[in-house]
Amino acid sequence: MALPTHQLQRFLAIEFNFISNPKIAYRNQLTATTAVRSSPRSPCRCSAIAINAPSSLTDVSGIRWGSTSVQGRREEMEDDLVIRSDGLDGFSFAAVFDGHGGVASVKYLRDELYKECVTALQGGILLNEGDFNVIKKGLAEAFQNADKKLLNWLEKIGDGDDESGSTATVMLIGNEVLFISHVGDSCVVLSCAGKVQVLTDSHRPYGSNKASLQEIRRIREAGGWISNGRICGDIAVSRAFGDTRFKTKKNEMLKKGVEEKRWSEKFISRVVFNDDLVIASPDTFKVALGSDAEFVLLASDGLWDYINSSDAVAFVRNQLREHGDVQVACDALAQAALDKGSEDNVSIIIADFGHTEWQKLPVEQQNFLFEFGQAIATVGVVSLGIWLSSQVSF
């Protein structure tokens, strides 16, 4: 598509910082990661990170941001997050990355995926034009390009032995619209006047919901199999960046499985791969933001595996009623996940749209008397049923 001169100049004016030598970049990332882990802070926490977007009003829709990454009980911090309010002409970019098998893929993607999205969306021009099909296609190209570059990069570092991968969920927020592009098992929920809308489905190869069944069918058609809810008995997420053993090194993965006695030569002789088992093709959604839209919450599965969407939204709403500080609410929600027993990294981004005067709303208190009455009534109904059954038996 040809761009008007002023739009082309604005797009070309976007500045990116590239590191041309992948081995130098990898060493720098590992050095930075080691420094974080060895610093004298709590072993369960990693500092909150917000890039170009502090917890205050920004230039996009008056959004207030909160962001937190918590290492939790994991030995390594493999999550990361990014929030940026530059480069997309009136839209903010926010993303959560949940890594596995190491930190290399996450560290590469936190900058590269943003750059690919900006390029594919022509500096935000396509977002403002509003053609969803064009935007969806652009984001799909951005994700695919980032994955191809990551796979090539992984081949060049560590003698090509790095098998790390990462999920990624991206939000693009404008004045009245939210775009989501999603790969993996993080989740986005929207609070509208306290009503919860779950906006994404997890890409996992198990379960009976529509999304899971589609993933299982795709994997089997590609020549893979599911064992104990994992692809080839290995990975529990079906869409991700990186993961060379399920893309460019599938046959090597089979041979390694024989060496490790996970399957036999006879078994792999029958396996024929038709496509990648793990893919980086995103689900993309467009969500209108009305005046009742309060906030959007994006988090890795370290939160959602322990706190459901309704409880998380209620928790954040009560936090904001009490003090109105989005960052404090974000930190408190992460701590609540740890208190619930989460043993995973937890990364959370909250974007408060600024539509709600939180401190004018009363804090909701649990009605313990009502709950006690419900419990007594339930016990009474059950007891009555047991008594009636005993009468019929006579």
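Leu 172 has its bridge partner in strand S5: Phe 179. This pairing belongs to a predicted model. Leu 172 lies in strand S4, which spans residues 165–173. S4 and S5 run antiparallel and are joined by six bridges. The link between S4 and S5 is a hairpin of three residues.

Now follow S5 to another partner. Strand S11, residues 283–288, also pairs with S5 in the antiparallel sense, over six bridges. Here Phe 179 stands opposite Lys 286. Phe 179 thus has a partner in S4, Leu 172, and one in S11, Lys 286.

How many of the seven residues of S5 are buried? Seven of the seven, across residues 177–183, so the strand is largely enclosed by the rest of the structure. Buried here means under 20% relative accessible area. In a regular strand, side chains alternate between the two faces of the sheet. Both faces of S5 are covered. One side carries Val 177, Phe 179, Ser 181 and Val 183. The other carries Leu 178, Ile 180 and His 182.

Next come the helices. Two packed helices are described by the angle between their axes and the distance between the axes. For helix H3 (residues 104–120) and helix H5 (residues 132–156), the angle is about 145° and the axes are 9 Å apart. The crossing of H3 and H5 is right-handed. On the H3 side, the contact includes Tyr 108, Leu 109, Leu 113 and Cys 117. On the H5 side, it includes Leu 139, Phe 143, Leu 150 and Trp 153. Charged residues take part too, among them Glu 112 and Glu 116 from H3 and Lys 149 from H5. By class, the contact of H3 with H5 has 13 nonpolar, three polar and three charged residues.

Strands and helices come together in the largest nonpolar core, which has 35 residues. Which residues touch the most other members? They are Phe 93, Leu 113, Leu 172 and Phe 241. Strand S3 (92–100), H3, helix H4 (125–129), H5, S4 and S5 each supply at least two residues of this core. H3 gives the largest share, nine residues.

Take Phe 93 as a closer example. Beyond its neighbours within four places in sequence, Phe 93 is in contact with Val 82, Ile 83, Arg 84, Leu 88, Tyr 114, Cys 117, Val 170, Met 171 and Leu 172. Apart from this core lies another, of 25 residues. Its members include Val 70, Leu 303, Trp 304 and Val 346.

Methods
Residues numbered from 1 in each chain as written. Predicted model: local features only at pLDDT ≥ 70, side-chain atom pairs only at ≥ 80, totals over all residues. Heavy atoms only, no water. Buried < 20%, exposed > 50% of the residue type's maximum accessible area, 1.4 Å probe, protein only. Helix = DSSP H or I, 4+ residues; strand = E, 2+ residues; numbered from the N terminus. Pairing = 2+ DSSP bridges. Axes fitted to C-alpha atoms, helices over the stretch in contact; angles between N-to-C directions. Left-handed = near helix turned anticlockwise from the far one by under 90°. Contact = heavy atoms within 4.5 Å. Core = buried A, V, L, I, M, F, W, Y, C linked by side-chain atoms within 4.5 Å.
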